[in-house]
Amino acid sequence: QVQLVESGGGLVQAGGSLRLSCVASGTIFSIESMGWYRQAPGKQRELVAVIISDGSRQYADSVKGRSTISRAKNTVYLQMNSLKPEDTAVYYCNTYLRTVWGNPLRDYWGQGTQVTVAS
């Protein structure tokens, strides 16, 4: 019903920048939020940033001041600057949306995109 396709990951040197993109497609009535999570090897998945339908944004303390989340229709972006080796992880796009009026809100996840920051 809903597909999320991420792009923009890759290998970057410490101090560099990356811009992740995620497009949501399929049967979408309304989007409550879109965001990014990450999971490093041996660690739990954690929130990086989320943008809510009212335009408010939340960031993890670890990326605050270095990252900006934005959204255009069904696409969410994460601009990451001053990258550090500890930012290395698989980054997952997430959206919380309603596919049809009256249906409950549901979470959807992308397949993930690898971000590797070399020191």
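Start at Arg66, in the loop between β6 (57-59) and β7 (67-72). You are looking at a predicted model. Is Arg66 buried or exposed? Arg66 counts as buried, because its relative accessibility is 11% and the cut-off for buried is under 20%.

Keep Arg66 selected and show its side chain. The side chain reaches the backbone oxygen of Ser82 at 3.0 Å. Now add its contacts, leaving out residues up to four places away in sequence. Arg66 touches Gln79, Met80, Asn81, Ser82, Leu83, Lys84 and Asp87.

From that list, pick Met80. Met80 takes you into the largest nonpolar core, where it is among the residues with the most contacts inside the core. The others named there are Trp36, Val76, Leu78 and Tyr91. How many residues does this core have? It has 28. Colour the elements that give two or more residues to it: β1 (2-7), β3 (18-26), β4 (30-39), β5 (46-52), β8 (75-80), β9 (89-98) and β11 (113-118). In soluble globular proteins, nonpolar side chains tend to be buried together.

Next, select Tyr91. Which residues does Tyr91 touch, not counting those up to four places away in sequence? Trp36, Leu78 and Met80 are among them. So are Glu6, Leu20, Tyr37, Arg38 and Val48. Gly112, Thr113 and Val115 complete the set.

Finish at the surface. Select Phe29, Val100 and Trp101, which make a nonpolar patch of about 380 Å². Val100 is found in the loop between β9 and β10 (106-109). Val100 counts as partly exposed, because its relative accessibility is 42%.

Technical notes:
Residues numbered from 1 in each chain as written. Predicted model: local features only at pLDDT ≥ 70, side-chain atom pairs only at ≥ 80, totals over all residues. Heavy atoms only, no water. Core = buried A, V, L, I, M, F, W, Y, C linked by side-chain atoms within 4.5 Å. Buried < 20%, exposed > 50% of the residue type's maximum accessible area, 1.4 Å probe, protein only. Helix = DSSP H or I, 4+ residues; strand = E, 2+ residues; numbered from the N terminus. Contact = heavy atoms within 4.5 Å. Patch = residues over 30% accessible without salt bridge, like charges linked within 9 Å, V, L, I, M, F, W, Y side chains within 5 Å. Areas by Shrake-Rupley, 256 points an atom, 1.4 Å probe, with all protein chains shown as cover. Salt bridge = Lys/Arg side-chain N within 4 Å of Asp/Glu carboxyl O. Polar contact = N/O pair within 3.5 Å; in protein donor to acceptor, adjacent residues only side chain to side chain.
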